[in-house]
Amino acid sequence: MNNTSTLETRGHFTRSVVSAILLIPVGVVGAVVCLTTILAVRKQNRGSSVDAFFISINVYVLILSGFFCPLAAYSTLAGHVNLLTTDRFQPLCRTLAFAYIVTIQTDAFTHAAVAVHRFFAVILQNTTYQRVQWFRSKQCTTILVLIPWLISLLIGVWPLFHLGAEFGYGLYYTRCGTVKILALSYYQFLRSFFFFFSCALIAICYMAIFCKLIVSRGTVHVRPTVGTAKMRREVALTKVAFGLTFVFLVLLLPSVVHALTAKTPAEVYTTLGDVFLMMLELGTYTVGVTLCCG
């Protein structure tokens with residue numbers, strides 16, 4: 001039993017060191033560079049239709065890598081006796097846990113929102129009907145950017161009121177997070193809904209886009225026009241978004257399966273679960289930044 005606890009402690013320590021060395025620099029530097037690049041390009045009126053999503057992605061990457069990750073690394077390296085374990089800093093600790101849950105969920109929902117946006121951009125490219133064209137407007141894009149944040153807030157807020165789970169300083173993970181699961185069904189829903197919901201939307205949207213491109217394959221290259229060039233650009237953006245979304249979902253899947261196969265709350269907090277969470281964080285940081293820079 002002691003050997004198991006020692007191995008788990010070493011695993012969390014290693015995870016924090018890797019986080020401090022790799023994820024924090026990649027997230028902070030990458031997000032700042034990407035946000036600066038986007039704003040510079042937009043000033044020159046050379047921005048793309050997905051810039052708003054790239055900004056949203058890098059905002060939550062910045063929250064995780066610049067706010068949550070450093071404090072999580074500090075609490076692990078400092079041990080069980082640190083500022084975040086004291087009553088005075090418990091509100092900050094619960095805020096950290098809440099921010100983590102919201103931003104991780106927002107990531108998956110944002111990839112789904114990007115898929116819906118790509119659907120509107122490609123499928124409705126040559127539509128002239130005014131009401132339908134609204135779906136390709138800036139107002140619709142803004143709504144698609146905000147919806148993932150709103151859904152994540154609604155789903156993740158309950159533990160702040162001691163419903164479904166509780167936030168605080170977890171002795172197992174030696175950081176702020178979910179310290180108690182009051183309802184295993186809530187935890188499984190929390191870890192799986194955003195994955196399956198996002199996967200369903202992503203599959204439907206990209207399958208429709210694929211069918212559209214197959215049907216229009218023989219006509220796209222006949223007469224190069226302004227509309228054709230714009231269509232090609234939208235298709236190129238869609239290919240990049242799809243590729244990186246696929247990579248993100250592959251990194252996310254093990255964590256979801258692990259949560260769903262747990263029969264008791266204790267089975268959730270394992271070394272294997274810790275590894276899967278690290279894969280999820282790696283996907284959030286690196287894929288988000290790469291999607292923006294790409």
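In the predicted model, glycine 168 stands opposite glycine 177 of strand β2. The strand pair to which these glycines belong is antiparallel: β1, residues 165-170, joins β2 over 6 bridges. Strand β2 spans residues 175-181, and 5 of its 7 residues are buried. The strand is therefore largely enclosed by the rest of the structure.

Ahead of β1 lies a loop that follows α5 (138-156), and histidine 162 is part of this loop. The phi angle of histidine 162 is positive, near 60°. Most residues other than glycine have a negative phi. Histidine 162 has a relative accessible area of 49%. This value falls between the 20% and 50% limits, so histidine 162 counts as partly exposed.

A nonpolar patch occupies another part of the surface. Its members are Trp134, Phe135, Ile143 and Ile147, and together they present about 340 Å² of accessible area. Tryptophan 134 sits in the loop that links α4 (130-133) to α5. Phenylalanine 135 is in the loop between α4 and α5 as well. Both aromatic residues are partly exposed: the relative accessibility is 37% for tryptophan 134 and 34% for phenylalanine 135.

Phenylalanine 135 also makes contacts with residues farther along the chain than four places. Phe120, Leu124 and Cys140 are touched by phenylalanine 135 when residues up to four places away in sequence are not counted. Valine 116 is 19 residues from phenylalanine 135 along the chain, and the C-alpha atoms of the two are separated by 9.8 Å.

How values were computed: Residues numbered from 1 in each chain as written. Predicted model: local features only at pLDDT ≥ 70, side-chain atom pairs only at ≥ 80, totals over all residues. Heavy atoms only, no water. Buried < 20%, exposed > 50% of the residue type's maximum accessible area, 1.4 Å probe, protein only. Helix = DSSP H or I, 4+ residues; strand = E, 2+ residues; numbered from the N terminus. Pairing = 2+ DSSP bridges. Patch = residues over 30% accessible without salt bridge, like charges linked within 9 Å, V, L, I, M, F, W, Y side chains within 5 Å. Areas by Shrake-Rupley, 256 points an atom, 1.4 Å probe, with all protein chains shown as cover. Salt bridge = Lys/Arg side-chain N within 4 Å of Asp/Glu carboxyl O. Contact = heavy atoms within 4.5 Å.
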